[in-house]
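Thanks for coming. I will go through one model today, starting with a single side chain and working outwards.

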Amino acid sequence: MSGINYVTKETLDQMMNELSILKTKGRAEIARAISEAREKGDLKENAEYDAAKEAQGIHEAKIAQLENAIATSRIVSADAIDTSKVSILCKVTITNIANKKTFTYQLVSETEADLKAGKISVTSPIGKGLLGKQVGEVADVQAPNGSIKFKIENISA
């Protein structure tokens, strides 16, 4: 993620809490695992040591990724949402024109996306297709399996 990461205050707090845990407890656990593996002898043929060092690398990469996400985050308040058109944090009710199925999604940042909870990323094909549309408009979404048309039924905060 290179650009700005729009998140809610709650999500930013969750990310900061996770980062704190990774930097304290997570690093301590990995240091303990490396220490235990080191005590078992020759490091050249010690699979436990290699695994612990690899886990350390993955852990540090996760910390760096989370730090970057926090650094590029901008808090968006639900009160400041313009519901005249589809934008981030809006809840959008759409109808698939082909099969007449209706869905309600909230457009969120990549870090908050959770399809089961009805939250889709603004960078997803559907999210991109819906952005900027108004009630009554038809969004032509370019999905991996072809073009899908959605009618915007409602936009709310």
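Is Y105 buried or exposed? Y105 is buried, with a relative accessible area of 15%. By buried I mean under 20% relative accessible area, by exposed over 50%, and by partly exposed anything in between, using a 1.4 Å probe and protein chains only.

Before going on, some ground rules. This is a predicted model, so local features need pLDDT of at least 70 and side-chain atom pairs count only at pLDDT 80 or more, while totals for chains, interfaces and linings use all residues. Residues are numbered from 1 along each chain as its sequence is written, and side-chain values use heavy atoms, with hydrogens and water left out.

On confidence, pLDDT is the predictor's own confidence in each residue, from 0 to 100. The protein averages 88, and 98% of the residues score at least 70. Among the elements, strand β1, residues 5-7, has the lowest mean pLDDT at 79, and β3 has the highest at 93. Helices (H or I, at least four residues) and strands (E, at least two) are DSSP runs, numbered from the N terminus.

Now the annotation. UniProt positions are in the numbering used here, feature names are shortened, and annotations may be inferred rather than shown by experiment. From an unreviewed entry, UniProt gives "domain: Transcription elongation factor GreA/GreB N-terminal" for residues 5-75. That span is 77% helix and 8% strand, with its end C-alpha atoms 9 Å apart. Also from an unreviewed entry, UniProt puts "domain: Transcription elongation factor GreA/GreB C-terminal" at residues 83-156. Here the figures are 8% helix and 45% strand, and the end C-alpha atoms lie 6 Å apart.

Next, the strands. Five of the six residues of β3, residues 91-96, are buried, so this strand is largely enclosed by the rest of the structure. Which strands does β3 pair with? One is β4, residues 102-108, in the antiparallel sense over five bridges. Another is β7, residues 146-156, also antiparallel, joined to β3 by six bridges. Two strands count as paired if DSSP finds at least two bridges between them. For orientation on the screen, V92 stands opposite Y105 in β4, and I94 stands opposite I152 in β7. β7 also pairs with β6, antiparallel, over six bridges. In that pairing D140 stands opposite K149 in β7, and a hairpin of two residues joins β6 to β7.

The hairpin of β3 and β4 has five residues between the strands. One of the loop residues, K100, has a positive phi near 65° and is not a glycine. K100 is exposed, with a relative accessible area of 61%. As background, most residues other than glycine have a negative phi.

L89 also has a positive phi, near 75°. Where is L89 found? It is in the loop between β2, residues 73-75, and β3. At 5% relative accessibility, L89 counts as buried. Not counting residues up to four places away in sequence, L89 touches T8, V76, I81, Q106, L107, V108 and A157. Contact here means heavy atoms within 4.5 Å.

L89 also belongs to the largest nonpolar core, which has 19 residues. A nonpolar core is a set of buried Ala, Val, Leu, Ile, Met, Phe, Trp, Tyr and Cys residues joined through side-chain atoms within 4.5 Å. V86, L89, V92, I94, L107, L130 and I152 touch the most other members. The elements giving two or more residues to this core are β3, β4, β6 (138-143) and β7. There is also a second, separate core of nine residues, which includes L19, L22, A69 and I70.

Another buried loop residue is V122, at 17% relative accessibility. V122 sits between β5 (119-121) and α3 (125-130). Beyond its neighbours within four places in sequence, V122 is in contact with I88, L107, V108, G127, K128 and L131.

Last, back to Y105. A search of the whole structure finds one aromatic pair. The rings of F103 and Y105 have their centres 5.9 Å apart and their planes at 15°, so the pair is stacked. The rule is that rings of Phe, Tyr and Trp (its six-membered ring) pair if their centres lie within 6.5 Å; planes under 30 degrees apart count as stacked, over 60 as edge-to-face and the rest as tilted. F103 is partly exposed, at 30% relative accessible area, whereas Y105 is buried.
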